[in-house]
Every structure is written in C-alpha cells, then in structure tokens.
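User: Could you take a close look at one part of this protein with me? I would like to begin at one strand and work outwards from there.

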Amino acid sequence: MKISYTVDAAHDGRELRQLVRAPLGLSAKLWKHIKWNGTILVNGKQHGDARLRVHTGDELTLLWQEVSSVVPVDLPLDILYEDEIFLVVNKPAGMIVHPTHRAARDTLVHAVAGYFERRGEAAGIHPLYRLDRDTTGIIILAKSARIQHAMTEHHGQIYREYLALVRGHLDRPSDCIDMPIGRDPSKANHWQVRADGRRALTEYKTIASWPSYSLLKIHLLTGRTHQIRVHFAALGHPLLGDTAYDGPRETIPRQALHAWRVHFFHPDTGKEIHIEAPIPEDMCRLIGSDTVSRETFKEEIK
C-alpha cells in the first residue's frame, strides 16, 4: 500500500508523527505498523525518525505491505462491487464474518482470503461492520487498515438500509425507536432494552403488510449488537424466524433480516457509491416479487 502527500503551509514545521491523524488519516495502530515494518520517504530519501520535521513542499511517501493471518479457503463469494480499496459482498445466511475459534475455516474472511489468493492479490481483510450469522446482505471490506479507519471513525459515513419481516402490525407506520440496549445477564450472547444500556436509535418505515406480518425498511442511526432484533422484540413485534428473541418460526428458519442497500462517498475519488443486494429467496417467498421493486424502495427513510 502507498500514501503520497505534499506538505502544505498549514503543516509546515510539523513532526512526521504529528501528521498521522490529520492530514494522513491513519490510526495509531497502522502508523506503528508503517514505522516498524514499512518505509517512510521524505523527498525520496528514507527516514525512520518520527520526530523529523517537514516543511511546505516536502514530498512524503509511506509504503507498507498489507498482510492477513487468515487462512485462505476456497469458498464461494457473491461479489457486488470491487475496486482497488474496497470489496463488497453479499453474505449468505449461516455464515459468520469472523472466526469465533481457531479451528474455524468457513467464515467470510476465510472466503475473502481465498479469493485474494486465487487472484494473486496482496490485500488486507478489514470488514467495516458485522452482520449476524443468519442475517443476509451487504458487507463492505476495506483492503487496507487506512481505509477501514477512515470509514469507521463516524457511524453515519455509511448509509445502511435493511429489510425485515416482523410479526404483526406496528401502531405507527414509521417512527424512530429510541431505546437503550445492554447485555441480558440471564442469557449468553443476548441483549435487551435496559435503562443502563447504551443509546440505540432505529428508524423504520412500513412498506407492506399481510395478515400476520409486516415488511419494514430500516435505517440504523447507531450500531449496537442485535439492535434491530432487540428493538422490535421489545415493541412486541419480533422478526420472523428469530427464535432467540421469541420470533415465530413457522414461516422462515432464520431471522428475516437482510442488509439491502448501502451508499457512501468513496474516500479517494469523492464519488458516491450505491450498492444493492438481491433479496434472498426465503424472504421473497413471503412478500412476493411484485412487492420487491426499485420503485417501491426508491426513497431513503426520512
């Protein structure tokens, strides 16, 4: 990986280490990796002193190798978008993003490592967020720690929209749920609405309804673990198939939740990137092909 930067007047006389956050946009972890394992060039000459002062017009170049300790595995990937710094995939149900134990070899990052190996590409594997095992849809992976850091400093930098099927019909067709979420002390890996939890905000809009369930479009304003699942269970409308939070299991064998759309501004080009993941067959079967159309879901939640 490579970063090139020409020192401007605003940073004249600064030490190299003072440029890490701004304007270079590096995390402390990545800066340490570059300092000890990469190459730092100032006007074409290598330097290892982080206290070196640079001046207006100096040409700074940082070079480092992105490496991943993940074992490559030949697993199928549904790739939605790729460029020199991003890989965006459509995650299937039943796949976790990161291994939970050392013996795991069937996760998304293993599949991505296998994909890079087959292409002969030396790239890092840095998911920008996670999806639960049985949640389907869009995962964005950065190919460098620099981009991961730049894209995850603020939650709102990536607009993420979900589709969910919930039991029954909500009293309000659209609303913003504002209820704090914390760990459930009675169950491992479970969360609940609780007064001492962290604030969690979920916007939703009802798109269509059937006698026993509704289709919602959802936008997360915060990113708490199991946020969508916990919020709608707390309202008495758990996701279909979400047995962990008392959702009905008759119609679908997993929580009916799909990470459907994302858009963000490309950090290098400034171009706005829009990505959409096809709705999985098990959810399409419950809502019908006529309900799922670009026109129906054209506007963002306001």
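In what sense do β1 and strand β4 pair, and over how many bridges?

Analyst: Happy to. Please keep in mind throughout that this is a predicted model. β1 and β4 (residues 59-63) pair in the antiparallel sense, over five bridges. Within that ladder, Y5 has L60 of β4 as its bridge partner.

β1 itself spans residues 2-6 and has two unlike faces: I3 and Y5 lie on the covered one, while K2, S4 and T6 lie on the uncovered one. In a regular strand, side chains alternate between the two faces of the sheet.

Now for the sheet around this pair. β1 belongs to an open sheet of four strands, in the order β1-β4-β2-β3, with antiparallel pairing. β1 and β3 (45-46) are its edge strands, each pairing on one side only. β4 therefore has a second neighbour besides β1 in the order β1-β4-β2-β3, namely β2. The pairing of β2 (residues 39-42) with β4 is antiparallel and runs over four bridges. There, T39 has L63 of β4 as its bridge partner.

From the covered face we can move to the interior. The largest nonpolar core holds 46 residues, and I140, F232 and F264 touch the most other members. Helix α2 (residues 108-119) gives the most to this core, with six residues. A second, separate core has 19 residues, among them I3, V20, W64 and A145. I3, from the covered face of β1, is thus one of the residues in that second core, while I140 is one of the best-connected members of the largest.

I140 has a long list of partners even when residues up to four places away in sequence are left out. Among them are F86, L87 and V88, then H126, P127, L128 and Y129, and also I158, V262 and F264. F264 appears both in that list and among the core members that touch the most others.

A145 leads on to helix α3. This helix covers residues 145-152, and its buried residues are A145, R146, I147, H149 and M151. The cover over those buried residues includes our starting strand, β1, together with α1 (28-37), β6 (86-91), β7 (126-127), β8 (136-142) and β15 (257-265). β1 thus comes up once more, as part of what covers the buried residues of α3.

β15 deserves a stop too, since F265 is found in that strand. Is F265 buried or exposed? F265 is exposed, because its relative accessible area is 52% and the cut-off for exposed is over 50%. F265 still has partners beyond four places in sequence: M151, G270, K271 and E272. M151 is one of the buried residues of α3, so F265 touches a buried residue although F265 itself is exposed. F265 also lies 7.8 Å from Q157, C-alpha to C-alpha, with their positions 108 residues apart in sequence.

For contrast, here is another set of antiparallel strands. Five bridges join β10 (residues 174-178) to β13 (residues 201-209), and these two strands run antiparallel. I177 stands opposite T202 of β13. β13 also pairs with β14 (residues 213-220), again in the antiparallel sense, over seven bridges. T202 has L220 as its bridge partner in β14, and β13 and β14 form a hairpin with three residues between them.

Two loop residues are worth a look for their backbone angles. Most residues other than glycine have a negative phi. N189, in the loop between β11 (181-183) and β12 (191-193), has a positive phi near 60 degrees. H226, in the loop between β14 and α4 (227-234), likewise has a positive phi near 60 degrees. Their surroundings are unlike: N189 is exposed, at 55% relative accessible area, whereas H226 counts as buried, at 11% relative accessibility.

Finally, the wider setting. The protein has five helices and 16 strands, and 48% of its 302 residues are buried. Of the contacts with a separation of 6 or more, 65% are between residues 24 or more positions apart. The C-alpha atoms fill a box of roughly 70 × 45 × 40 Å along the principal axes.

Methods
Residues are numbered from 1 along each chain as its sequence is written. This is a predicted model: local features need pLDDT of at least 70, side-chain atom pairs count only at pLDDT 80 or more; totals for chains, interfaces and linings use all residues. Side-chain values use heavy atoms; hydrogens and water are left out. Buried means under 20% relative accessible area, exposed over 50%, partly exposed in between (1.4 Å probe, protein chains only). Contact means heavy atoms within 4.5 Å. Two strands pair if DSSP finds at least two bridges between them. A nonpolar core is a set of buried Ala, Val, Leu, Ile, Met, Phe, Trp, Tyr and Cys residues joined through side-chain atoms within 4.5 Å.
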